[in-house]
Amino acid sequence: MKIFVLKSFIVCLVTIISPIEILADTALDVYMNDFYSKSNEASQILQEIEDTLKEGSRKNVCSRQREAARLGLLANKSLIKAFEIEGTNPPIQAIKASQQRWESIMNDC
């Protein structure tokens, strides 16, 4: 019985003390996931606004539109950061076009 307790104690001690490798996302993965989640959320908000307008209601349209645009602009920043981390040149024209689209959505309300 003493041997079992001693072995259990040693196993617990080694488990607690030994370094544990955490499988975390790389910085690139974090920024790409942020880009996809924010752009998807922005698109979903715009779809909800479209559905609301089709129903004839304009309730909170401007505030939700601004929120979608804010998320879209943040998504673009995350995408640019991901390209910087990867060390490649981002598609500047496409990103600028997207940025202009989100800014116009934000300002045209």
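**Exercise 1. Is K54 buried or exposed, and which residue is its salt-bridge partner?**

Task: Classify K54 by its relative accessibility, then describe its salt bridge.

Solution. The structure under study is a predicted model.

Step 1. The relative accessibility of K54 is 64%. Exposed requires a value over 50%, so K54 counts as exposed.

Step 2. The partner of K54 is E50, and the closest N and O atoms of the pair are 3.4 Å apart.

Step 3. E50 has a relative accessible area of 37% and is therefore partly exposed.

Step 4. Both residues belong to helix α2; because they are four residues apart, about one helical turn separates K54 and E50.

**Exercise 2. The fold in outline**

Task: State how many helices and strands the chain has, and describe its surface.

Solution.

Step 1. Four helices and zero strands are present, and the pattern along the sequence is α-α-α-α.

Step 2. The chain has 109 residues, of which 21% count as buried.

Step 3. The accessible surface comes to about 8200 Å², with 59% of it belonging to carbon and sulfur atoms.

Step 4. Among contacts with a separation of 6 or more, 70% are accounted for by residues 24 or more positions apart.

**Exercise 3. The largest nonpolar core**

Task: List the residues of the largest nonpolar core and identify the helices that supply them.

Solution.

Step 1. Ten residues make up this core: A42, I45, I49, V61, A68, A69, L71, L73, W102 and I105.

Step 2. Three helices each supply at least two of the core residues, namely α2 (27-54), α3 (61-86) and α4 (92-107).

Step 3. Helix α3 provides the largest share of the core, five residues.

Step 4. Take A42 as an example of the contacts involved. Leaving aside residues up to four places away in sequence, A42 touches A68, L71, G72 and W102.

**Exercise 4. Two further salt bridges**

Task: The structure holds four salt bridges. Describe the one formed by K38 and the one formed by R70.

Solution.

Step 1. K38 pairs with D34, with the closest N and O atoms 3.1 Å apart. Both residues lie in helix α2 and are four residues apart, about one turn of the helix.

Step 2. D34 has a relative accessibility of 22% and therefore counts as partly exposed.

Step 3. R70 pairs with E67, and here the closest N and O atoms are 2.8 Å apart. This pair lies in helix α3, its members three residues apart, about one turn of the helix.

Step 4. Because its relative accessibility is 38%, R70 counts as partly exposed. E67 also counts as partly exposed, at 29% relative accessibility.

**Exercise 5. The surroundings of L79**

Task: Locate L79, decide whether L79 is buried or exposed, and name the residues that L79 touches.

Solution.

Step 1. L79 is found in helix α3.

Step 2. The relative accessible area of L79 is 12%. Buried means under 20%, so L79 is classified as buried.

Step 3. With residues up to four places away in sequence left out, L79 touches M32, F35 and I95.

Step 4. A distance along the chain may be set beside a distance in space. L79 and N33 are 46 residues apart along the chain, and their C-alpha atoms are separated by 9.3 Å.

Terms used: Residues numbered from 1 in each chain as written. Predicted model: local features only at pLDDT ≥ 70, side-chain atom pairs only at ≥ 80, totals over all residues. Heavy atoms only, no water. Core = buried A, V, L, I, M, F, W, Y, C linked by side-chain atoms within 4.5 Å. Buried < 20%, exposed > 50% of the residue type's maximum accessible area, 1.4 Å probe, protein only. Contact = heavy atoms within 4.5 Å. Areas by Shrake-Rupley, 256 points an atom, 1.4 Å probe, with all protein chains shown as cover. Salt bridge = Lys/Arg side-chain N within 4 Å of Asp/Glu carboxyl O.
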